[in-house]
Amino acid sequence: MSEPLGLYGSNISYFTGKLENYFRVKGLNYRLHAMQFPGDAKRIERDLGVYQMPVVQLADGRWLTDTTKIIQWFEREQPAPALLPDDPVMAFICYLLEDYADEWLWRPAMHYRWHYPEGAHFASRHLVDEHLGGVPAPAGLKRVFMRHRQRSGYTRGDGITAENVAGVEAIFLALLQQLEAIFSRRPFLLGQRPTLADIGFSGPFFRHFALDPVPLEIIRQRAPAVLEWVARLWNTRLADCPAPVYGPVPDDLGPLLAAIGREYLPYLNANAAAVAAGKKRFDVEIGGVAYRGARYSRYRVWCLAELRRHVEQLPEPAREAAQRLLEQHGCWAPLWEQADLPLLPGQEEGLPFKASTKMVGTNERV
Ligand SMILES: N[C@@H](CCC(=O)N[C@@H](CS)C(=O)NCC(=O)O)C(=O)O
């Protein structure tokens, strides 16, 4: 067996969990190492442009960052067994679902972990033990710092307030209903074998919703087929799966696509408008839920640009079929709502070897 890939991150991290699911499903051998602070973080920021987890070290010593581009890179380097369906419309749906899971489900996942003391105590204890052993301060103080950092960065500090908590939880509850319907019918999101869409959804589910005490109990009670899918994905290898046979995009993905059109794409547009206006915080109402003082994200401007690029690159007649599908579910108009996207020059063109911006944060490098 070849030298394992070095995966540096946390074993309760959203994006580390996403990449672990990818490596396992793809059959790539890896070893998980806990990133150490402050040393690893400083080195990663210097060498890769931003500090974020996970990062991967190849056998030849090169470092990679950003799970979306890391997966695309591995799929190009090692095309078989393929994670993306051959059908270009299905492949586009995978990119869209992956992006939605990465960027929009992040909000309820952070909320459930850091809002409820049960989750926040578990996660702060775990993260401090895992990463901050070298920081010379009392463990109790480090845990308080960790809870404060995460809440001020990702929940209270990113537009989640007492007024909209129910709205944030409604995103998760509706999602469970949609996924329960899907996984009661078939093993994976698009069919009989995992695709990039399942890997994308493993981010919020594997190390957050199906681990943190509050959402886990909700899943157990309301969506047992979703809980089964989490474990099934972890235990599935593409190489052992039946040959890929995909029909048309399943009808039961409709409610998920509609949620993307109603919630995620309007959020991306409001974020792009804020970035264009030079605002670091913005107010936005999404599906009747008001967010005040949400953080801007340059990275998510690029996410929108990427979604457009994937559509534009579709060959005909797939492009037209994708347009019809997106129109049917209210995703087409919001995809193109902003005339020009306020990207930085060359933004993220160095990925997966160099990042320009962090998902939520301020340390742009370009
Ligand atoms: N787009 C990146 C996002 C990575 C990311 O944001 N990871 C989180 C942890 S799951 C992180 O490192 N956050 C940095 C921080 O909290 O400062 C990816 O796909 O890898």
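How do the residues of the lining of the second largest pocket divide into nonpolar, polar and charged? We will come back to that once we have walked through the ligand site; keep in mind along the way that this is a predicted model.

Let's start with the ligand itself. There are 15 residues around it, and those that come nearest are M53, T67, R149, Y154 and K358. Two of these residues make polar contacts that are easy to pick out on screen. In M53 the backbone takes part, with an N or O atom 2.7 Å from an oxygen atom of the ligand. In R149 it is the side chain, where a polar atom lies 2.6 Å from an oxygen atom of the ligand. A nitrogen atom of the ligand also has a partner: an N or O atom in the side chain of Y299 is 3.2 Å away. As for cover, the ligand taken alone exposes 510 Å², and the protein buries 94% of that.

Which elements build this shell? Those giving two or more residues to it are α1 (14–26), α3 (67–77) and α7 (139–154). By class, the shell around the ligand holds 8 nonpolar, 4 polar and 3 charged residues.

Now step back to the space that holds the ligand. The ligand sits in the largest pocket, whose volume is about 710 Å³. Its lining is made of 35 residues, with Y51, M53, W106, R149 and Y154 nearest the centre of the pocket. You will recognise M53, R149 and Y154 from the residues that come nearest to the ligand. Two or more lining residues come from each of α1, α3, α4 (88–103), α5 (106–115), α6 (117–131) and α7. Of these, α7 gives the largest share, 5 residues. Sorted by class, the lining of the largest pocket has 20 nonpolar, 9 polar and 6 charged residues.

From here, turn to the second largest pocket, which contains about 340 Å³ of space. It is lined by 17 residues, and Q72, L84, A91, Y95 and H310 are the closest to its centre. Here the elements that give two or more residues to the lining are α3, α4 and α13 (298–312). Both α3 and α4 also appear among the elements that line the largest pocket.

That brings us back to the opening question: the lining of the second largest pocket consists of 11 nonpolar, 3 polar and 3 charged residues.

Definitions and conventions: Residues are numbered from 1 along each chain as its sequence is written. This is a predicted model: local features need pLDDT of at least 70, side-chain atom pairs count only at pLDDT 80 or more; totals for chains, interfaces and linings use all residues. Side-chain values use heavy atoms; hydrogens and water are left out. A residue is near a molecule or strand if one of its heavy atoms lies within 4 Å of it. A polar contact is a pair of N or O atoms within 3.5 Å; within protein, one must be able to donate a hydrogen and the other to accept it, and residues adjacent in sequence count only if both atoms are side-chain atoms. Accessible areas come from the Shrake-Rupley method with a 1.4 Å probe; for residues, only the protein chains shown count as cover. On a 1 Å grid over the protein atoms alone, a cavity is a set of points where a 1.4 Å probe fits but cannot get out, and a pocket is an open set with protein on both sides within 12 Å along at least five of seven lines; lining residues have an atom within 4 Å of a point. A molecule sits in a cavity or pocket if more than half of its atoms lie within 2 Å of its grid points. Helices (H or I, at least four residues) and strands (E, at least two) are DSSP runs, numbered from the N terminus. Ala, Val, Leu, Ile, Met, Phe, Trp, Tyr, Cys and Pro count as nonpolar, Asp, Glu, Lys and Arg as charged, and the others, Gly among them, as polar. Grid points are joined across faces, edges and corners, and a volume is the space filled by probe spheres set on the points.
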